[in-house]
Every structure is written in C-alpha cells, then in structure tokens.
Amino acid sequence: MKTSVALCTYNGEKYLKYQLDSILNQTVQIDEIIICDDGSTDSTISILNSYQEQYPGIFKIYTNENNLRSVKNFEKAISLCNNEFIFLSDQDDIWVDHKVKVHLDYFENHQNINVIATNGYCITDSGERKEMYSFWDLPTIAKSTDKNFSIKETLSKVTNIATGASMSLRKSFLKEIMPIPDSEGLHHDEWIAFIAAQKDSFVMLDEKLFYYRIHKHQQIGGVFFDKDDRSLVFLKRTFGLIQDFKGLSKYIKRLTSSYKKNQLYLESQPHHHEIIKTNMNEIEKIYAEKVKLIKTEYPVRSQILFILDIFKNKRRF
C-alpha cells in the first residue's frame, strides 16, 4: 500500500520541522512527500531543502511561480501525488506516530470508503496540549443525546466538520473531486468531504490522530471551544441537537449558509450537477420544516428574528 503526503507550505519556518519529523517517524513509513510552496519569504525553502538532502527519495519540492492560495495549492499538491493513498497535511500540526497505520488499516478493511477524516488534539503555539471541545467531537456528543445523527446530512446540509489536516483519500477518488471549487468562502477539505459523503464513501473516526496547533497566523480557526457546559450547549444547538429557540435559529442559519455554498458548487461543478441539485432540494425541505417549527413554537420571537434577517440576509436563501 504505497502512500503520498500532499503538504502545502507558506512562511512556515516556525513549526515546519515538527510536522515533517512526525510524518517521517510514522510506524508505517510514508513513501512520498509532495510539497508545494506558495512563495515563502522566510526560511521555509531552506528547511525543505535540508530534508530533501537527507531523504532524496521521499521529498519532492515544488515552488509556485505565483501565489495560488490554499485551495489551488492543495489541488496542485494532491494532483502531483503518485501513490494509491494520499494524506493531506498542514505545515503547523503534528501527527500521532500511528496515524498512517490506522488510516491504511481502515481503507484495507473498508473497500467502499474513499475518504477518511479523524478527531484530533488541540495544542497551543508552544505545543502545549489543551483539553477542548471541537467540531470533531460532534458524533460522540450526538450519541450522548440519543439523537439520530448522520455525518452525511451534517456535511451535506449543515456545515463541514472534516478538517483537511486529518484527511486521507484514495487516489482513484481524485476524478470525483477535481477541479476543486475556488470561490470565496469555499475550502478544499469541505468539498472533498461533501462529495465523499454524497457518494456514501466518507468516514470520520473518533480516534485522535493528530495535534492541531492554534496560533495567530493560521488561516482557518474556530475549531475548538472551552470544555464547559456553555460550549457543549452551543455545539448541540448549532447542529440541531437542541431545538429550542436559539437552537432552531442557529440551525436555520447553518442551512442557509450551506445552501449558498451548494449554489457555488453548482456554478463551478457541472459534472456533479444532479447530486448538488438534489442536495439543495433536500435542504429546502428541511429549511421549510424548521422555519415552520420555529414560527409555531416561538411566534413572536421568530417574527422579530426574520424581520431582522431581511436586512442581514442570514437565514434566507
């Protein structure tokens, strides 16, 4: 089972060595590391070159002539991977030493799965581990509430909870996801997870297999929340596990945002037209149900809410 890593760098000198070392020190050795640098001006390239000198058969470094930004840089890195299983990697995280083995074992035992994402630990700028809630805890949280929870419905209709830094996929699945949509507000990992979920070939493992670093220079944040009752209620409301006024309001807002992203997908991905259109129709039905429910249960408050939304356009398609 040959493996590749698609790693994108941009001014990552501060944390890059930790990530590279964790990839190289896996219990199952990685066969190829494809790195696409997006025009770093710090010592990132120098660091990469030193690793390439030590591991010439593993490292392949590409420097972009123009800054591609995250989505298209990952698209490039993924497309350059040669092996059967591709692991996505950020430049500032750390992998648990048996991450690759767990992913490969799961792929081997579940031939219908094309994309895997996992849970992860939170670490600070200095590498200190913090106990936090995250979006990745959602499946476990849902089980504790005795609510029916579908990862497919969540990824398709509510929001993305699969992070690229935790993700691996079969190379054979690239034909389904390329090209990756690159509109404002869209991300490569949510597109990969969305299509895999629509194809019933996505799984999210609860095991924590990487350390996700939070720091002031990261591109995407908002993954972690204080581990207290307030955050737990927030997460339950956000994903429809609590359907009080705030919960319904948050859930309707998420449906609206997801619908708008599906519209962008529809514009840029004609080969998935039927899948996306069907999903949008299903979002419309759920939206109508939730709007009817909130208006029935909370008539005065919901009327005020939707009047305000006329100006903010948060909960309207």
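This report describes the overall build of one protein and then turns to a single residue, Ser166.

**The whole chain**

The model is predicted. Its secondary structure comes to 12 helices and 11 strands. A compact globule of 317 residues would have a radius of gyration near 20 Å, and the protein agrees with that, because its own value is 20 Å. Of the 317 residues, 52% count as buried. Contacts often link distant parts of the sequence: among those with a separation of 6 or more, 78% join residues 24 or more positions apart.

The table collects some values for the whole protein.

| Property | Value |
|---|---|
| Span of the C-alpha trace along the principal axes | about 70 × 45 × 40 Å |
| Exposed area of the protein | about 15100 Å² |
| Distance between the centres of the positive and negative side-chain sets | 8 Å |

Carbon and sulfur atoms supply 48% of the exposed area. The charged side chains comprise 42 positive and 42 negative ones.

**A look at Ser166**

Where does Ser166 lie? Ser166 sits in the loop between helix 6 (151-158) and strand 9 (168-170). Is Ser166 buried or exposed? Its relative accessibility is 0%, so Ser166 counts as buried.

Several residues touch Ser166, leaving aside those up to four places away in sequence. They are Lys99, His103, Ile116, Ala117, Thr118 and Phe210. There is also a polar partner: a polar atom of the Ser166 side chain lies 2.8 Å from the backbone oxygen of Thr163.

Ile307 is 141 residues from Ser166 along the chain. The C-alpha atoms of Ser166 and Ile307 are separated by 40 Å.

Technical notes: Residues are numbered from 1 along each chain as its sequence is written. This is a predicted model: local features need pLDDT of at least 70, side-chain atom pairs count only at pLDDT 80 or more; totals for chains, interfaces and linings use all residues. Side-chain values use heavy atoms; hydrogens and water are left out. Helices (H or I, at least four residues) and strands (E, at least two) are DSSP runs, numbered from the N terminus. The radius of gyration is taken over C-alpha atoms; the globule rule is 2.2 Å times the number of residues to the power 0.38. Buried means under 20% relative accessible area, exposed over 50%, partly exposed in between (1.4 Å probe, protein chains only). Contact means heavy atoms within 4.5 Å. Accessible areas come from the Shrake-Rupley method with a 1.4 Å probe; for residues, only the protein chains shown count as cover. Lys and Arg count as positive and Asp and Glu as negative; His and the chain ends are not counted. The place of a charge is taken as NZ of Lys, CZ of Arg, CG of Asp or CD of Glu. A polar contact is a pair of N or O atoms within 3.5 Å; within protein, one must be able to donate a hydrogen and the other to accept it, and residues adjacent in sequence count only if both atoms are side-chain atoms.
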